[in-house]
Each structure stands twice: as C-alpha cells, then as structure tokens.
2 protein chains.
Amino acid sequence: MTTNIRDVAKAAGVSVATVSKVLNGYTTVNPKTKEKVLRIVQETGYRPNAAARSLVGQRSMTLGVFLTTGLAHPFFSHVLMGMEEGLRLKGYDLIYLAQLSYHNREYSFVRHCQSRNVEGVIVFGFQRDELNFDELIDSGIPTVFIDLDVIGPRAGYISSDNRAGTRSAVRHLAEIGHRRIALISDLPDSYVGRLRLEGYREGMKEAGLEVREDQIACGDYSRESGYRAMQSLLAASPLPTAVVCCSDYGAIGAMEAIREAGLSVPGDVSVVGFDDLEIARNVSPALTTVRQDTRAIGRRSIEMLDAMIREEHPAPAVIIPTELVVRGTSAPAADRR
Amino acid sequence: MTTNIRDVAKAAGVSVATVSKVLNGYTTVNPKTKEKVLRIVQETGYRPNAAARSLVGQRSMTLGVFLTTGLAHPFFSHVLMGMEEGLRLKGYDLIYLAQLSYHNREYSFVRHCQSRNVEGVIVFGFQRDELNFDELIDSGIPTVFIDLDVIGPRAGYISSDNRAGTRSAVRHLAEIGHRRIALISDLPDSYVGRLRLEGYREGMKEAGLEVREDQIACGDYSRESGYRAMQSLLAASPLPTAVVCCSDYGAIGAMEAIREAGLSVPGDVSVVGFDDLEIARNVSPALTTVRQDTRAIGRRSIEMLDAMIREEHPAPAVIIPTELVVRGTSAPAADRR
DNA sequence: CTGAAAGCGCTTACAG
DNA sequence: CTGAAAGCGCTTACAG
C-alpha cells in the first residue's frame, strides 16, 4: 500500500516515535535527525494516515458543514470559497453533512458527527424554525451558525452587520436629498431580514424621515419578487423617489418594474441593493449596493470554530462590517437637482 | 467519552468480537445474542468509531467531491441533492476537497485523498483544460467525472444525453413547421457544449434543414449572454422563426432580446431552453425546454462510483436521457398557421 | 456459535 | 535527544 510511518522510520534509520515527533513539531529532536526525517518524508511523499491519527489523538481535523440543499444563491458559493481559505489555514477538512438525514428518526445527526469524530460544525442556510438544533447544541459539539443568531455554551454565530447595511443605504439616499425612501424587505421574519428592516427604520429615524408602511413591500431575494414588490410600491402615492432593496436580485427586479412603469433609474427613482454580487457591476447603470464581505464570513466562520475547538472561548457573535458601494443607480433626488 | 464497542459488549454480556459480528452482519451469530446486542446498541445509541473502522478494515466509507468554486448555478445544487440520495443509500459520507489546494506545489491532492482514505472521488464543474487530472487518474482512485468525458482504468463519467437533447428540440420545432431554426450555443468548446451543438446539427440534418453559420451564436449559460446572442441573431436576415438555447437562463435572455426587438414569443419566434430549472415554469409564457434529470445524475454518479469501488466494473460512461418539455414558448411557425 | 488475540497506523508518556 | 511499549476502537482469522 502507500508508505507508512514505519517505512519512513526505517529509511531514516530512526524509530517511529522520532518520526512522529518530527511531524508533530516536538522541539526535543536533534536538528540533524529532524532534517533527515524531513528529507525522507519529502522524497516518499509520506502523509500520516488520518484515521490512525484521529483514533489515537483527540484531533480528527474534520469539520462538518450542514447546509440547506437550496444553495443555489451565489452568496453560498462565495462563503464556501472563504471557508476554503480558513480550512487551508487551519488544516481542517470539511465533511458535507446532508440535510436529508437530519430528520431521519433512526439517524442521529449528532451521533453521526461523533462517530466521524467531527470536531466542529458549521450550520448554514437555515431559518430558525426550519430545524430543531437543540440536540446539536446540547451535544457540546462546537457549532458556528452563519446568518442565524444561535448562541450556546459551545455555539455562536457570524453574520454581516445587516442593520448597519440598510441604515447606511438610507443615510446615503437621505444625504442626496431623498425624503420618500421605500423598502423592499426580503423575508422580514428571518433573522437577517428582520435586522435589515430595523436598519431601515433606524436610518429613516436618524434622517428625520417618516416611515410609511405602504412604502414597505416584501420579497424573497429573487428578481421576480423584487419586480412584484416594486410594482406594489409604485401603486402608492406620492411615489417614492428611492427604494432600498435587501438583495441585488430584488433590486434588479425593482429596476425592471420601475422602467416598465415608464420611469427611469436613477432619474426618477434611485435604487440601492444588498450583497454586491458580480451582477451588480454588470447591470446598467451599475447598481449602488451594500457590500457583504462573504469571503470574510466564510473564513472567519472557520477561524471562530477553530477557536471554539481549542477552548479559546471566542466572542459568541461575530458581525462582519458591510460597506456601501455607490455606483450609478443612486442620484440626487429630482427636486434637489 | 461516548460509548464504545467494549461498553456495548459488557452491557450485552458478550465479547467485542460478537458485537462487531452483529454489526457487520455476520450470519454466524445466535439470533438471541444478536437481538440482545442490537437492543443495547439501540438503547445506548452506539455508533462505531469511523476512524477505527477505517484503520482496520479497508473501507473508510468516505467519498471525496472536488468541485469548482463557481457552483452558483442551480444545476450544481440539484445534482448535489441527487448525490445526497446516493450517499444515504450506500452509506458513504462526502468530504469536500477544496479546489484552491489542487495547484499547491507542496500539496498533492491525491496524497491527501490517500491520507484520508478516500475511497472514490467525484469531479464536478471543471473543463478539460482547466486542471490536469493525470495524477488522479494514475493513482487508481476510482473517479467519476460529471459532464466531462474522462475515462480511465478506474475512471468514468456521467452526463445528460446532451446531443439527443438539442436534437429533440430541433425536431420538435421542425415538426411544428419551423425551417429557420437558430442556435444559441453555450461554451461550444466544452464537452457539453460541443455535444449540444452537434445535436443541433444532427437535428437540422434529420429535418432536411440547412444549417447557416450566421444562425449560430455563442453564449455562456448566463441570461446576459443569451440576450446578446439573440440580438446578434436578430441582426441576420431572414430572421429565424425559432431559436434553440443551450440553457434556460440563456433562453430567458433571448426572450428579452426578442421582445425588445418588437417581436413576440412564441408569435414571431419560438424559444426552447435547456435544463428545466424552476424558473422555466415561472416565466411567462412558460418555457419549452429540454429537461435534464439532475437528480438522477447526482444519484447515479454515487452509484457508479460505488460500483467502481466494489470492482464491479460498471460501464465507463453513463448517459442520462433528457426529455423535451413542451410549454408555452414554442408554437407552430407563422406561415403554418 | 463464541471469544482471545493480533494488528491496522499512529501518538504519547516514560525510561534511558 | 531517542526509542520501546502501551493503547486509541475496531475487525478478522483462528481456535475452541
């Protein structure tokens, strides 16, 4: 089969214990010995058997990711890319934990993690009421939730600063003279949706503007829902001169509705999105939007989990700053020009 | 810690060997003994330690998935869902193998698989020239490529019947009287794109129709590219009365371009997509399209890999049938009505 | 039908 | 600084 630690030891003329020590960074090894061992390792391409390591040590260097199957949104793949960075940095591998299995009566998700010696779990893409996470949290397996505010003795979460995101969007629009600023609120009952809605209200208050409930419409992050929501907002009177959307896709749908109504962006209505997906730069005019640092979310989630695993007691909630990116869909209000 | 096989053996009043035999389905166990052991297992929720199993047996029950980071397209998540089914059926877990690592000089992807005792690998979302798979194929690790025709002693691939897909689209359009049928060919240099292009040519030939090169435009599976490609097709004369698109997104972009040109779908131009994503049912009129059985692709890829692992020598290429779903965007050619 | 024992490939006190 | 030995939790011939 593939080379094992005994082969390396033999080739280097030392004991397996010494090889192990070199590989595990013990400082009590003679530099010459170390060098020799390392050379053999290099030559043979030896890599320790993960199963044996996991069996004897406490570390399996395996993390589990548990995500919704509806990961079609680019957000997920971007976060995943950030996670890759973290994984490489910390040396973990990721095992994919299927959602289908979670509800299986025979099957305990937690026991599965234990049998696989999973050191920590990332949960990703679920709403609070979608699944019962009690068993997972009670198990004591370190867990990081992305975009869901769950906290436990060994559980925490990470998310963008959603509240500040929409607030900054409103502030921007208010600063350039808008007074009737509508909102397309995506999934307002979700953790993320609620904060974006609150951020909008706070922003309006800060700017001394009144929130009218008929200036708030709901969507679900899709272009279609943004289109429909905008149509309903355009039915109100007086018309809003700007709209904050909780997603880029929604914003693009909103732009279509605005144009179909014979109005222009940003001439008649300014539009601000949320996410800063690639498409935000490619629509015309380019979309002003609240940028989420998806890469950081991914990377930090792994780092946070790693810290939990090492009992370093990281802060139970990590909030990643958002950044308003001003492009072409927001312009001074008409009555200001 | 968690219960182990010794705890179970003690509780059941038998040896660990017996417990192991029960759990591994040996038939030489007394039914009463077996029952007792199973009861204890049930009560304690005991699950064998995967690392120990992997170390002693040859099976790690771990498969690796190696996919491009750009997995934003719904196609990927649907295939992944199909893979979940297969995994559950066969009892494997999936480990996610990061792309970033592949090119790392220090790092051998194959060795990584070996150190993790990965029994087989699924490769997914790559073009042939994107990565060098030689080391992987030479390693003898069973590998299934999705949508890329790589074959080796222990490597095979799975894909939709792309050729039949576009051919059936052309046949359908020809049958309802179209004679000028254009094509939007997505990534014609890729394995999948090439076959869809060939299927189009074959379909045209079958129908006795001439292929005009100015009736073929290129796209990249995006709505935007479909939009642009359609614009260029509409610049030709005489105008095509139908267009086959190699993606639903592209088809939707094409529909936009057609309408912007003052024409109607399907009144002036019929449109056929490829994929049958959810959005195909939600556009108006609903999109006629070539349905890919993404679920089957996912499930069968795991089954195929499992068969390779068991040395059952499955066919090296599995082609999943496509199905033409006729909806509202295709109608008899104008001169036939 | 059952169990004692060897061994999978490692790591980690421990003795030297 | 180095190595012999125990042990992680299992499975599998093998003997009974």
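Two strands are taken to pair if DSSP finds at least two bridges between them. In this predicted model, strand β2 (residues 93-97) of chain A meets that criterion with β2(B), over three bridges and in the antiparallel sense. Within this pairing, A:Leu94 stands opposite B:Tyr96 of β2(B).

The contact between the chains takes 37 residues from chain A and 37 residues from chain B. On the side of chain B that touches chain A, four elements each supply at least two residues: α4, α5 (74-90), β2 (93-97) and α6 (109-115). Helix α5(B) provides the largest share, seven residues. By class, this side of chain B divides into 16 nonpolar, 14 polar and seven charged residues.

Both chains also contribute to the surface near DNA strand C. There are 26 residues around this strand. Those that come nearest are A:Ile5 and A:Ser20 from chain A, with B:Ser15, B:Asn30 and B:Val56 from chain B. In chain A, α2 (16-23) and α4 (50-56) each supply at least two residues of the surface. In chain B, α2 (16-23) and α4 (50-56) do likewise. The largest share, five residues, comes from α2(A). The surface near DNA strand C has 14 nonpolar, ten polar and two charged residues.

Chain A is divided into three domains. Domain 1 covers 5-48. Domain 2 is made up of 62-159 and 294-321. Domain 3 is made up of 162-292 and 324-336. Taken over C-alpha atoms, the centres of domain 1 and domain 2 of chain A are separated by 35 Å.

Methods. Residues numbered from 1 in each chain as written. Chains lettered and ligands numbered in written order. Predicted model: local features only at pLDDT ≥ 70, side-chain atom pairs only at ≥ 80, totals over all residues. Near = placed C-beta within 6 Å. Nonpolar A, V, L, I, M, F, W, Y, C, P; charged D, E, K, R; others polar. Domains from an automatic or database assignment. Contact = placed C-beta atoms within 7 Å.
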